[in-house]
Amino acid sequence: MITISEAITIVKNNGHPLQQATLKKVEKAGGYQLFEDILSPINMPPFRQSAMDGYAVHLHDDLDYELVGEVKAGDGHTIELNKGEAVRIFTGAAVPDTANAVMMQEKVETNGQNITIANQIPLEHNIRPLGEQVNSGGIALKKGTKLTPAAIGYLLSLGITEVPVFKKPNIAIVTTGNELIAPGQPLSPGKIYESNSKMLLAALYNLKFYDVTLYNVEDDYGKTVKTLKKAIDDNDLVMITGGISVGDYDFVGTALKELKVDELFYKVKQKPGKPLFFGKKDDTQVFALPGNPAAALSCFYVYVYIALQHLMSREDLELPRIKAKAINSFEKKGDRPQFLKGIYNNGNVEILDGQNSSMLQTFALSNALIFVPAEVPKINNNDTVEVIQLPI
Ligand SMILES: Nc1nc2c(c(=O)[nH]1)N[C@H]1C(S)=C(S)[C@@H](COP(=O)(O)OP(=O)(O)OC[C@H]3O[C@@H](n4cnc5c(N)ncnc54)[C@H](O)[C@@H]3O)O[C@H]1N2
Ligand code: MOO
């Protein structure tokens, strides 16, 4: 049995960035990172734009101007202005080439075909310059930029509809067990509702991993081998839940051996999640998580998360760990380090009741895991503890 830090190091050392590109429609590329520099096909703005509703003028030494026309947003025509002439203009409209400043209408007095501006204004006043944000052929966004809503808006404003992004991994979730019934069906004796697959799927969606395939297999050795082979062949990362302990019907370990998945570790000194397995077959990483739902999710956040971040070439591989003050106490049973479910709020953390690895009720209320090292038998009220903030 290895320690938590040894297990984390092994996961870190055996991950790899998935350096593959895929083309995405810009509006569907939120959360993805650009695979290469994106060059702008146009100047932005594409013409000298008025930043105000008002009057575009061809400056001269006087404050009076003669009004010679109008340009609305979207108008494509050009009006020639001589010195001392002005046109009515609106925000977003193309400023005529021969106009060299815009005065906002609040500072203009009109008198028929003449206007008087309140004061002298500098050249290019209230005019957004051509290519102010980016020039045609210039770098619009650099490789690696994460596509936020603003970045999506910006790319679309340049007329870009598709971008190459770093491909996200194909992920398999395999659930095992004869006792599992799909929620929505009647529950018969001895059965439980299958919840791990959709719980892990929700955790993946939350982290913006969408290429996920779900597999389910009963406790049958041949079927387990066949299902796991397909999951491993077709995916970059496989998460199996259940069937990894020592029971007569726990077939996952032997199936992974038959499939020649290299075992990198099996069993970690921790609670929950002792029977955690991590291995690799070629470039596919395989995690066999305990079937107990809270143990599976805890292992997801502490270990699988690292592999996922690595595949995405991210720098911060682990979830953030911060210090917090415990606002209640907890007595640890046994000598395994423990991840406890809790509620973190503004520097304080409450350790919840019901820490059993089969219990999701407590996890459902939590936003943090509190790490209790092996050598700490008890957390007292006011103790400083280490808290892992969950991405929820
Ligand atoms: N003799 C021993 N027995 C057990 C040990 C041990 O060291 N010696 N370890 C215990 C620990 S700790 C854990 S954790 C579990 C892990 O067992 P498995 O990973 O083999 O999981 P299962 O036995 O298949 O299931 C455990 C539990 O979780 C429920 N489950 C499974 N899959 C799902 C699912 N998809 N959705 C909802 N619930 C699921 C399952 O019904 C069981 O109740 O082993 C201990 N035993
Ligand atoms: O390791 Mo198990 O997940 O403690 O219950």
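# Questions on a predicted model

User: Which residue is the bridge partner of Ala368 in S27?
Analyst: In this structure, which is a predicted model, the bridge partner of Ala368 in S27 is Gln389.

User: How do you know that strand S25 and strand S27 pair, and in what sense?
Analyst: Pairing requires at least two bridges between the strands. Strand S25 (residues 368–372) and strand S27 (residues 384–389) are joined over four bridges, in the antiparallel sense, so they count as paired.

User: Where do these two strands belong, and what is the order of the strands there?
Analyst: They belong to a barrel into which five strands close, in the order S21-S24-S23-S25-S27 and with mixed pairing. Neighbouring strands of this sheet are turned against each other by 50° on average, with direction ignored.

User: What makes the pairing of this barrel mixed?
Analyst: Strand S24 shows both senses, for strand S21 (residues 321–326) runs parallel to S24 and is joined to it by two bridges, while strand S23 (residues 338–345) runs antiparallel to S24 and is joined to it by four bridges. On the parallel side, Lys325 stands opposite Asn348 in S24, and on the antiparallel side Ile343 stands opposite Glu350. S23 and S24 also form a hairpin with two residues between them, and Asn346 in the turn has a positive phi of about 50°.

User: Why are the side chains along strand S24 said to alternate?
Analyst: In strand S24 (residues 348–351), Val349 and Ile351 point to one face, whereas Asn348 and Glu350 point to the other. Burial follows the same division, since a residue is buried if 20 or more other C-beta atoms lie within 10 Å of its own: Val349 and Ile351 are buried, while Asn348 and Glu350 are not.

User: Which strands are the edge strands of the open sheet of six strands?
Analyst: The open sheet has the order S7-S4-S6-S5-S9-S8, with mixed pairing. Its edge strands are strand S7 (101–104) and strand S8 (108–111), because each pairs on one side only. Within this sheet, strand S4 (residues 54–57) and strand S6 (residues 85–89) pair in the antiparallel sense over four bridges, and Ala56 stands opposite Val87 in S6.

User: How do you know that the chain is more spread out than a compact globule?
Analyst: The chain, which has seven helices and 27 strands, has a radius of gyration of 31 Å, and this is well over the 21 Å that the globule rule gives for 392 residues, so the chain is more spread out than a compact globule. Its C-alpha atoms fill a box of roughly 95 × 50 × 45 Å along the principal axes, and 38% of the 392 residues count as buried.

User: Which residues around ligand 1 come nearest, and which helices supply residues of the shell?
Analyst: Of the 27 residues around ligand 1, Asn196, Gly242, Ser245, Pro290 and Gly291 come nearest. Helix H3 (196–206) and helix H6 (293–311) each supply at least two residues of the shell, which by class has nine nonpolar, 14 polar and four charged residues.

User: What makes the shell around ligand 2 divide into three nonpolar, three polar and two charged residues?
Analyst: Ligand 2 is surrounded by Lys271, Pro272, Gly273, Lys274, Pro290, Asn292, Ala295 and Ser357. Pro and Ala count as nonpolar and Lys as charged, while Gly is among the polar residues; Pro272, Pro290 and Ala295 are therefore nonpolar, Lys271 and Lys274 are charged, and Gly273, Asn292 and Ser357 are polar. The division is thus three nonpolar, three polar and two charged.

Methods:
Residues are numbered from 1 along each chain as its sequence is written. Chains are lettered from A and ligands numbered from 1 in the order in which they are written. This is a predicted model: local features need pLDDT of at least 70, side-chain atom pairs count only at pLDDT 80 or more; totals for chains, interfaces and linings use all residues. A residue is near a molecule or strand if its C-beta atom, placed from the backbone, lies within 6 Å of it. The radius of gyration is taken over C-alpha atoms; the globule rule is 2.2 Å times the number of residues to the power 0.38. A residue is buried if 20 or more other C-beta atoms lie within 10 Å of its own, exposed if 12 or fewer, and partly exposed in between; C-beta atoms are placed from the backbone. Axes are lines fitted to C-alpha atoms, for helices over the stretch in contact, and angles run from 0 to 180 degrees between N-to-C directions.
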